[in-house]
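Q: I would like a close look at a single part of this structure. Please describe how the parts around it fit together, in plain terms.

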Amino acid sequence: MSVSDARLWRWLQPVVTPVLVLVAIGVPLWLVLVTAGKSRGEALNPDLSPPSEWHLLDNLRQVWVEGEVLPASLGSLLVVVPAVLGVLLFGSMAAWILARRATRLNAVLYALAISGIVLPPAVVTVVLLLRQLGLAGTAVGMIGVYMGIYMSTVIFFVTGFVRTIPSSLEEAAQMDGAGPMKVFWLVVLPLLRPVLATATILVCLYVWNDVFYAFFVIGGRVDTLPLNLFRVASAGLYLNNWHLIFAYVVLMSLPLIAVFAVAQRKIISGITSGAVK
């Protein structure tokens, strides 16, 4: 690349990069929104063209009633909330110990803990184990599976973040008579809010939209939003009704948008502090 080309790229980069990001994110979102707002006839072949007349509210209302979105939402919350809270709590505790006690054993344990990021879980083995424990087809079993799958992600982010926190803060609390649990709850945990916000977004995104593990573990015994969409679409209720399918996707995405809106200020600082430093 010549000097003139490099200068031209430096001038265009602030414009080209946001445009590419906008296209990559905006086009799929626009496709979902406009298809959800179309009539059945217009949505038979989904495209980017806006509807001749918007039926978004009517489609959302129809999906809410016929698709049984409310019971499925309660089922998703029953699984997602305990799984996310549990993995954040136990993952941050484990990460704090692994970050503060620099021993060979902890180094090996940390490597094993984060290996779950790249090693896929054995679904058949997990299902067989849950059957032996009597947890197959239950919300408790599904919560345990999600916690086991995404514990590595939380430990990876939080361990790097804890290493950036001055240990003198914990030592001062210990000098005041605080025990390990009190130091963690009163000193360490409040400082972990940025990285925990990041982990919350990631884990919520994975768990809320998961259909693969939920299908094999709970097998439809607990009705979640992705499983419910799969069921109604397979049963023919939404056969060729792309406007209803995309309206269901819009409803299913609203809670994630709310979580992201609350935690988005902490995301960038959590990623940079937890994964880079």
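A: What follows looks at one helix pair and then at the spaces lined by residues of these and other helices.

The model is predicted. Its 277 residues include 39% that are buried. The protein has twelve helices and zero strands, so along the chain from the N terminus every element is of the α kind, under the rule that sorts helices from strands. Of the contacts between residues at least 6 apart in sequence, 73% join residues that are at least 24 apart.

The part to look at is the pairing of helix α3, residues 69-100, with helix α9, residues 193-208. Two packed helices are described by the angle between their axes and the distance between the axes. For α3 and α9 the angle is about 145°, and the axes are 10 Å apart. The crossing of α3 past α9 is right-handed.

Which residues make this contact? From α3 come Ser-76, Leu-77, Val-80, Val-84, Val-87, Leu-88 and Ser-92. They meet Leu-196, Ala-199, Thr-200, Val-203, Cys-204, Val-207 and Trp-208 of α9. Sorted by class, the contact has eleven nonpolar residues, three polar ones and no charged ones.

Some of these residues also line an enclosed space. A search of the whole structure finds one cavity of 30 Å³ or more. The largest cavity holds about 60 Å³ of space. Among the residues that line this cavity are Ser-76, Val-80, Val-207 and Trp-208, and these four also take part in the contact of α3 with α9. The rest of the cavity lining is Val-79, Met-142, Tyr-146, Asp-210, Ala-214, Ile-218, Thr-224 and Pro-226. Three helices, α3, α6 (139-162) and α9, each supply at least two residues to it. The most comes from α3, with three residues. By class, the cavity lining has nine nonpolar, two polar and one charged residues.

Helix α3 also takes part in a pocket. The second largest pocket has a volume of about 230 Å³. Its lining includes Trp-96, Ile-97 and Arg-100, and further lining residues are Arg-101, Ser-167, Glu-170, Glu-171, Gln-174, Ala-178, Gly-179 and Pro-180. Both α3 and α7 (167-175) give at least two residues to this lining. Here the largest share, four residues, is from α7. The classes in this lining are four nonpolar, three polar and four charged residues.

Helix α9, in turn, takes part in the largest pocket. About 510 Å³ of space lies in that pocket, and 16 residues line it. Nearest its centre are Leu-29, Leu-205, Ser-253, Leu-256 and Ile-257. The elements that give two or more residues to this lining are α1 (3-36), α9 and α12 (242-276). The largest share is that of α12, with nine residues. This lining has 14 nonpolar, two polar and no charged residues.

To put the pieces together: α3 and α9 pack against one another, and both give residues to the lining of the largest cavity. Away from that cavity, α3 helps line the second largest pocket together with α7, while α9 helps line the largest pocket together with α1 and α12.

Methods:
Residues numbered from 1 in each chain as written. Predicted model: local features only at pLDDT ≥ 70, side-chain atom pairs only at ≥ 80, totals over all residues. Heavy atoms only, no water. Axes fitted to C-alpha atoms, helices over the stretch in contact; angles between N-to-C directions. Left-handed = near helix turned anticlockwise from the far one by under 90°. Contact = heavy atoms within 4.5 Å. Nonpolar A, V, L, I, M, F, W, Y, C, P; charged D, E, K, R; others polar. 1 Å grid on protein atoms, 1.4 Å probe; cavity = no way out; pocket = protein on both sides within 12 Å on 5 of 7 lines; lining within 4 Å. Points joined across faces, edges and corners; volume = space filled by probe spheres on them. Buried < 20%, exposed > 50% of the residue type's maximum accessible area, 1.4 Å probe, protein only.
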